[in-house]
Amino acid sequence: MSGADARLRDRRRHDTMAAVIKHGDGVEGIEVGEIEVPVAVPGHAVVATIATGICGTDVHIAHDEYAHERPVVMGHEVLGRVARVGSVDDDHWIGALVALETYFSACERCEMCRAGRRNLCADRRSIGSFRNGGFASEVLVPVINLHRVPDAAGDIDGVLSEPLACVAHCLLDPPVVQPGDRVLVTGPGAMGQLSAQVAQASGATVTLAGLPADAGRLSVASELGIRTTMAPVPDESFDVVIECSGAEPAAAAALRAVRRGGRYVQVGIFGRDVTVPLDAVLYKELTVTSGFASTPASWRAAMRLVESGAVTLGPLITRRVALTEFHDALDAAARGEGIKTVVLS
Ligand SMILES: [Zn+2]
């Protein structure tokens, strides 16, 4: 089908929709405004959003601590239904409940792309930072980024698919947790909660650590059967530490808590240079790993974890807001309130 035909199929192309648009510096540069609805060009789908999660990365983008291009519609943790497609071949997607892999494009030519590691392409462009994202009624994505959300998931649980895929990339590809491992997870936000669940599903004995201010978030984990603590943890007492807070003191504590010959996994983003006792890596011969964003393999793993019930997502959604409440919800997320706030369409 030609581009012109695709546009003819798109009867609503002159309509506008509400969206959270970052157009200037800082939080003041974000407005809830109107933009044109997207056109389903060939190879692409327009997804009508159901819910979009507010992520720590959104907080970093809001404060200009994470690369993005303006103006852009923020939001990359999207659950929705396929509304329109740009190619007849993709008609079978229409109506499907989907979560979205976030890459809008990669160069497909660099060493990383050719090695199947598009998440590391320097020219990768993702929704919510370089292409219009999910805090809007509709979002345009390449069809290859659509992932069907398993029926097993509750109403809007699938909104956590993207963070779960990122955790799966950090922890499962390759596996960093062995059955029986003592695992410490620092930071009980969404990434910490998901990491704790995935590590537990991998057969580890997991402790999720937080600060006194995290009591509410830790109680959610407790109710899901995860051991929690607000106390300092003993030195060299864990086989694997998974740092999910992106906070300097937590990273330092995790480097002390891991045993000699153990493993340190960085999941959280600091958003700035930090000071940590990096000599621990040498003295203890630590293996340090991480994962940047997600890969098709980690998405498949994430969807299987949801389908099998190995992870429980619903209780992690602690607040639901309308698009008009975005600024307030973003502030609350920046203060670490709740676990996952989602914007409902
Ligand atoms: Zn590339």
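A crossing of two helices is called right-handed if the near helix is turned clockwise from the far one by less than a right angle. That term comes up in the first of these close-ups, which all show a predicted model.

**View 1. Helices α4 and α9 cross in a right-handed sense.** Here we look at α4 (residues 161–172) and α9 (residues 296–308), whose axes come within 8 Å and cross at roughly 115°. Angles of 65 to 115 degrees count as roughly perpendicular, and α4 and α9 are therefore put in that class. On the α4 side, the contact is made by Ser161, Leu164, Ala165, Ala168, His169 and Leu172. Helix α9 brings Ser298, Trp299, Ala301, Ala302 and Leu305 to the contact. Sorted by class, that makes eight nonpolar residues, three polar ones and no charged ones.

**View 2. Helix α10 has its buried residues on the same side.** In α10 (residues 326–334), the buried ones are Phe326, Ala329, Leu330 and Ala333. They share a side because they cover an arc of only 100° around the axis. And what do the buried residues of α10 pack against? Their partners are the strands β1 (16–22), β2 (30–36), β17 (317–322) and β18 (340–344), plus helix α2 (56–62). Just past the helix, look for Gly336, which follows α10 and has a positive phi, near 80°.

**View 3. Glu28 sits in the loop between β1 and β2.** Is Glu28 buried or exposed? Glu28 counts as exposed, because it has just 9 C-beta neighbours inside 10 Å, and the cut-off for exposed is 12 or fewer. For a sense of distance, the C-alpha atoms of Glu28 and Ala165 are separated by 31 Å, with the two residues 137 apart along the chain.

Methods
Residues numbered from 1 in each chain as written. Predicted model: local features only at pLDDT ≥ 70, side-chain atom pairs only at ≥ 80, totals over all residues. Buried ≥ 20, exposed ≤ 12 C-beta atoms within 10 Å, placed from the backbone. Helix = DSSP H or I, 4+ residues; strand = E, 2+ residues; numbered from the N terminus. Arc of directions from axis to C-beta. Contact = placed C-beta atoms within 7 Å. Axes fitted to C-alpha atoms, helices over the stretch in contact; angles between N-to-C directions. Parallel < 35°, antiparallel > 145°, perpendicular 65-115°, else oblique. Nonpolar A, V, L, I, M, F, W, Y, C, P; charged D, E, K, R; others polar.
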